[in-house]
Amino acid sequence: MTLIRNGFILLCLIALSSAASVDSYEEAKIQLEEYIQNKKTEIDPRYRPLYHVAPPVGWMNDPNGFIYHNGEFHLFYQYYPYDSVWGPMHWGHTSSPDLVNWKQLPTALLPEEEMCFSGSAVSEGDTMILMYTGRRDTDDEPFFNESQYLAYSDDAINFQKYEGNPVLAESPNGSPDFRDPKVWKYSDDYYVIIGSKTLDNRGRVLLYKSKDMKSWEYLTVLGESDGDMGYMWECPDFFELDGKFVLLMSPQGLEPQGDRYKNVYQNGYIIGSFNYDTNEFVPEVPFQETDYGHDFYAATTTEANGKRYLLAWLSMWEVPHPEDTDGWAGKITLPRELSLVNNRILMKPVEAMENLRENIAVDENVGSDEEHEFGKAVELLVDSDLEQKVDLLLEGRDGGGKVWLRWDPGVRKVVVDRGSGDIRQVEWSPIGSHTWRIFLDASSLELFCGEGEVVFSSRVFPLGGWKLTNQSPQPLRIKAFNLKRSVPE
Ligand code: FRU
């Protein structure tokens with residue numbers, strides 16, 4: 001009897017304390033939104049993007065949970081609101097009807113005993129399910145543990161963490177690096193891939209299957225480094241594109257090779273074939289970088305209306321973030337529509353980007369040494385004679401950062417040069433259009449060459465609006481549009 005009574009009291013205590021923790025979690029969410037609203041007023045807007053997603057305050061890294069749900073796109077991101085440097089990870093949240101106009105939503109996940117590391121989402125009718133890595137500190141070596149968690153929402157705004165977390169407690173080989181689940185549904189099953197490594201430090205991606213996302217069966221290693229492909233594969237993604245399968249990931253530890261792999265960490269993909277009966281991915285085309293710019297990491301995709309869209313963190317680890325003194329750091333690239341041509345992913349800005357064009361600022365042949373000035377948000381279409389050199393300087397009207405876009409017909413390379421040897425370059429053989437389409441925002445440049453076979457995403461920090469100078473020996477045919485704001489201030 002006493003035992004039964006004690007058991008009952010214990011149950012009541014557990015129920016009370018979990019109700020208290022639910023209440024305090026809800027309370028913490030409310031306080032956080034108040035904090036964000038107040039803190040926003042202190043932000044210095046000089047580098048704030050006008051049409052790229054950025055955190056309202058504080059730090060952002062990877063895009064997470066990119067999904068089309070009930071007629072809207074949802075995009076979450078690694079978020080630390082309390083400082084403009086990395087800290088205990090939350091999931092920030094934005095949504096968009098068209099991938100161009102974005103609305104800020106309340107922070108979706110707050111850390112508790114676990115930090116909320118990167119992950120993905122699935123849409124099931126009115127329910128959205130997030131799957132993310134819970135990263136916990138431990139007392140013993142290696143002093144951290146990574147396992148996979150779920151959170152549910154019926155209104156795509158308020159997310160409840162699943163009581164049975166974690167749903168995937170450890171990696172098959174015991175490696176503590178076990179993160180960034182990308183989940184999708186195929187037929188009646190859920191599949192998830194997770195980034196990890198071998199015990200001798202080779203990056204790998206693990207594949208699992210489930211009926212309910214709660215209990216998972218380990219299937220196989222989907223892909224693994226042979227030793228030259230880095231020590232850890234972060235943020236994997238896997239999807240079908242134009243009849244092939246693409247394993248996209250962010251490998252850490254690639255050695256620079258000539259023009260390639262010059263960023264701190266890389267993002268790229270392997271094209272191959274995959275069979276859902278055998279779960280075997282057969283690589284057919286070796287690893288290629290997705291984007292050749294200075295600042296591109298943790299790319300992720302989603303599918304909607306038969307199209308595959310990609311976006312990435314337009315920044316990098318272990319580099320200066322000049323905007324952090326202004327109260328925020330990090331932004332997301334423009335969403336790009338993907339296609340596969342000649343064993344290469346082509347990336348084009350989503351079509352709806354054209355709706356941002358406000359007015360034509362320039363539409364003429366711009367002679368050598370001619371200058372034009374713009375606001376902070378500009379789209380340029382540049383046509384040139386590719387048998388002659390191109391040298392286009394883009395800089396701040398009031399100084400600050402500058403960047404040269406170059407083409408040398410002798411070596412047939414496109415160059416993005418931020419000065420002082422800070423160069424990214426790659427060979428380009430246009431497969432169709434020869435136009436350069438350039439998107440300038442307050443602290444970024446995205447250059448799409450031709451059909452999107454070569455793309456560069458780089459941060460640049462001009463002061464004032466943009467100024468263009470044609471330093472080429474040839475006139476350039478330039479059409480420029482001022483762009484409207486499409487993200488909150
Ligand atoms: C990639 C990454 C992920 C991790 C997250 C933590 O940039 O390191 O592997 O989940 O950032 O913020």
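Let me begin with the salt bridge between Glu451 and Lys348, in which the closest N and O atoms are 3.0 Å apart. Please bear in mind that this is a predicted model. Domain 1 covers residues 18-349 and domain 2 covers residues 357-483, and the count between the two domains is five salt bridges.

A further salt bridge joins Arg418 to Asp295, and here the closest N and O atoms are 3.0 Å apart. This pair links distant parts of the chain, with the two positions 123 residues apart in numbering. Arg418 sits in the loop between β27 (413-417) and β28 (423-427), while Asp295 sits in the loop between β16 (280-289) and β17 (297-304). For the structure as a whole, the search finds 37 salt bridges.

I turn now to the contact between the domains. The C-alpha centres of domain 1 and domain 2 lie 30 Å apart. To the contact, domain 1 contributes 38 residues and domain 2 contributes 34 residues. How much area do domain 1 and domain 2 bury between them? The figure is about 3,000 Å², and 52% of it falls on carbon and sulfur atoms. On the domain 1 side, Tyr51, Tyr292 and His294 supply 24% of the area buried against domain 2, which is more than any other three residues.

Polar contacts also deserve mention. Between domain 1 and domain 2 there are 29 residue pairs in polar contact. Which strand gives the most to the side of domain 1 that touches domain 2? The answer is β21, with six residues. Both β20 (336-341) and β21 (344-349) supply at least two residues of that side. Sorted by class, the side of domain 1 that touches domain 2 holds 18 nonpolar, eight polar and twelve charged residues.

Finally, I come to the ligand. It is surrounded by 13 residues, and the closest are Asp62, Gln78, Arg179, Asp180 and Glu234. In the case of Asp62, a polar side-chain atom lies 2.7 Å from an oxygen atom of the ligand. Trp317 also approaches through its side chain, where an N or O atom is 2.9 Å from an oxygen atom of the ligand. Ser118 takes part through its backbone instead: a polar backbone atom of Ser118 is 3.1 Å from an oxygen atom of the ligand.

To close, I would return to the contact between the domains, with its five salt bridges and its 29 residue pairs in polar contact.

Definitions and conventions: Residues are numbered from 1 along each chain as its sequence is written. This is a predicted model: local features need pLDDT of at least 70, side-chain atom pairs count only at pLDDT 80 or more; totals for chains, interfaces and linings use all residues. Side-chain values use heavy atoms; hydrogens and water are left out. Domain bounds come from an automatic or database domain assignment. Contact means heavy atoms within 4.5 Å. Buried area is the accessible area (1.4 Å probe) that two parts lose on being put together, summed over both. A salt bridge is a side-chain nitrogen of Lys or Arg within 4 Å of a carboxyl oxygen of Asp or Glu. A polar contact is a pair of N or O atoms within 3.5 Å; within protein, one must be able to donate a hydrogen and the other to accept it, and residues adjacent in sequence count only if both atoms are side-chain atoms. Helices (H or I, at least four residues) and strands (E, at least two) are DSSP runs, numbered from the N terminus. Ala, Val, Leu, Ile, Met, Phe, Trp, Tyr, Cys and Pro count as nonpolar, Asp, Glu, Lys and Arg as charged, and the others, Gly among them, as polar. A residue is near a molecule or strand if one of its heavy atoms lies within 4 Å of it.
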